[in-house]
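Let's walk through a structure together, one question at a time. Take a look at it first, and then we can reason through some of its details.

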Amino acid sequence: MSFRLSKPLLIEGRREWLLFFAAAFTLFLLSLSRQYLQYRTLVSQKKRAVEAEVLVQYAKTKKGRAYQVLKLHSDALGKDFFTTSKEPLKNLRGRRVALLLFPKKVGFVDFLRTPFIPAYILRVLPGQSLRFRLYDHIAAQHPERWMQELYGALFLALPVSKDLRQAVTKLGANHLLALSGFHMGVLWFILYGGLSLLYRPLQNRFFPWRHRLLDVGAVTVGVLGGYLLLTGMPPSLLRAYAMVVTGWLALLFGIELLSFSFLAVCAVALVALIPSLLFSIGFWLSVWGVFSIYQFLRWTEGWPAWVVFLGLNLWVWLAMLPVVHTLFGTFAPSQLFSPLLTLLFTLFYPVAMALNLLGAGGLMDGMVMELLRYGAQVPAVTVTLPRWVGGLFVLLALFAVRFRVALYLQMGVMLLFLLYLVEKVA
C-alpha cells in the first residue's frame, strides 16, 4: 500500500509480515514480563522511598475536604504517577521531592497506565531539573499564567491546568498543544536545514565524498533524541521520533516513506518495546492522525500542491472528529476554525520558538491571550459517541485505503457527523 511504487516498502510480502509480527509479539512479551517484574518488586514492598519531580499540582475538594493532587515523575520507577496530600503544601511544581510510597494496592494495569500511589512527602530537595530551569526562563518572559503554561506545553511537554485545557479544547487546538509529529517535523526542518547550511561549504571544500543526509541527519537525530528525553518522552512525541529515525534510515536505504506499512511498523514496534503505550490515548490519537494524513495523500496523488496543502488539514480534522468524540465530548462553534488555526500555527510555532530563545517571547502574548479568552467564553455542548460507533468508523477508514466506495462512505459519515454537531450548538 504505497503511493510511490518506484521505491520498495519497508516490509513486503506475507512471509515478511508474519516474521515481523512474530518478532514484535516476542519482544512485546519480553517487555511486558520486564514491566511485570518491576511491578511485583514495587507492590511486594509495604513502603518504598523514592525521589520524584512534581509535574502538576492543584487543589481539589471532595465531600467537603480539601486536598492537593500531585502528578510526579520518578526515574527510579521509570514512570509518572499521581498521589494526594492533605497537608497545605506550597507550590512544588518543578521541584524534586523525597517521598515514601505505599504501593501495595496498585494493580498491574494501573501500573502500566499512570497509577495512583498513596505517598507521604518527606522533604523538598534542593535544585531543579534542566527541564524546569528552561521552563523558568520561558515563564519569566510571560506575565500571564496561561501564557507560561502554553509555552511550557509547546516547548517542554509540561501539563497545563484544567481551565487552559478547556479553552484550548473549545478552540479545537488540543492537537497543537500536545507535542507530536508536527512539532518534531518543524524541529527537524530547523535543525537539519540550519546544520546543512554550515555543513555544505565545508563538505564541498574538505570532504566532498561524505553523504550529507548521513552526517547531518545523524546529528539531527541525536539532538532530537536528547529533546525527547528532556520532555519526558510523551507518547505522541515518542511515536513521532520513532518515525523520524525510521524515516531517516529509510531515506538512506531508498525505502518508501509514505506508506501505511511504514506507519504500522513504527506503531507495532513501539508498543512491543513499551507495552504501556497500549493504554495511551495520546499515542493512538497521534497514530490515527498520521493514518489520516497518509489516507488523504493516497487519494490526492497528482493534485496541485496548494490544493493538497489546504485540503489536508480539513480532511484530518474531519477524520478525527468521530474518533475524538468517542473518547471526549466537547464541541464548540469555534472548533470549526480548527483547520485554519492549524495552518496559522505552522508560522506561529517557529516564530514563537525563536522569540522565546531570544528572550522576547512576550511579544505575541496579547494576541494569543485574546484568542484563549474567546475560547474560554464560547458555549459548548457535550456529544459522546458509543465506543462501537468509533470502532466501526475506524474499520470503515481502513477499508477506504483500498476501496473508493468505502472512502465515499467515510466522507459522508464525517460530513453528516459535523452537521449533527453544528445542529447541536446552533
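What follows is a set of questions and answers on helix packing, aromatic rings and one loop residue in this predicted model.

Q: Which term describes how helix α3 and helix α4 lie to each other, roughly perpendicular or oblique?
A: Helix α3 spans residues 130-139 and helix α4 spans residues 145-156, and they pack at an angle of about 135° with their axes 9 Å apart. Angles of 65 to 115 degrees count as roughly perpendicular and those over 145 as roughly antiparallel. The two helices, α3 and α4, are therefore oblique.

Q: How many nonpolar residues does the contact of α3 with α4 have?
A: Happily, we can name both sides. From α3 come Arg131, Leu134, Tyr135, Ile138 and Ala139, and from α4 come Gln148, Glu149, Tyr151, Gly152, Phe155 and Leu156. Of these residues, 2 are polar and 2 are charged, and the nonpolar ones number 7.

Q: Is the crossing of α3 and α4 left-handed or right-handed?
A: Handedness depends on which way the near helix is turned from the far one, with clockwise counting as right-handed. For α3 and α4, the crossing is right-handed.

Q: What is the geometry of the ring pair of Tyr36 and Phe108?
A: This pair links distant parts of the chain, with Tyr36 in helix α1 and Phe108 in helix α2, 72 residues apart. The ring centres are 5.1 Å apart and the planes stand at 85°. Planes over 60 degrees apart count as edge-to-face, so the pair of Tyr36 and Phe108 is edge-to-face.

Q: Is Thr231 buried or exposed?
A: Thr231 sits in the loop between α8 and α9. Beyond its neighbours within four places in sequence, Thr231 is in contact with Arg131, Phe155, Leu156, Ala157, Leu179 and Leu237. Its relative accessible area is 3%, and the cut-off is under 20%, so Thr231 is buried.

Q: Which residues of α14 make the contact with α5?
A: The axes of helix α5 (residues 162-170) and helix α14 (residues 365-377) come within 7 Å and cross at roughly 85°. That makes α5 roughly perpendicular to α14. On the α5 side the contact is made by Leu164, Ala167, Val168 and Lys170, and on the α14 side by Leu372, Gly375 and Ala376.

How values were computed
Residues are numbered from 1 along each chain as its sequence is written. This is a predicted model: local features need pLDDT of at least 70, side-chain atom pairs count only at pLDDT 80 or more; totals for chains, interfaces and linings use all residues. Side-chain values use heavy atoms; hydrogens and water are left out. Axes are lines fitted to C-alpha atoms, for helices over the stretch in contact, and angles run from 0 to 180 degrees between N-to-C directions. Helices (H or I, at least four residues) and strands (E, at least two) are DSSP runs, numbered from the N terminus. Angles under 35 degrees count as roughly parallel, over 145 as roughly antiparallel, 65 to 115 as roughly perpendicular and the rest as oblique. Contact means heavy atoms within 4.5 Å. Ala, Val, Leu, Ile, Met, Phe, Trp, Tyr, Cys and Pro count as nonpolar, Asp, Glu, Lys and Arg as charged, and the others, Gly among them, as polar. Rings of Phe, Tyr and Trp (its six-membered ring) pair if their centres lie within 6.5 Å; planes under 30 degrees apart count as stacked, over 60 as edge-to-face and the rest as tilted. Buried means under 20% relative accessible area, exposed over 50%, partly exposed in between (1.4 Å probe, protein chains only).
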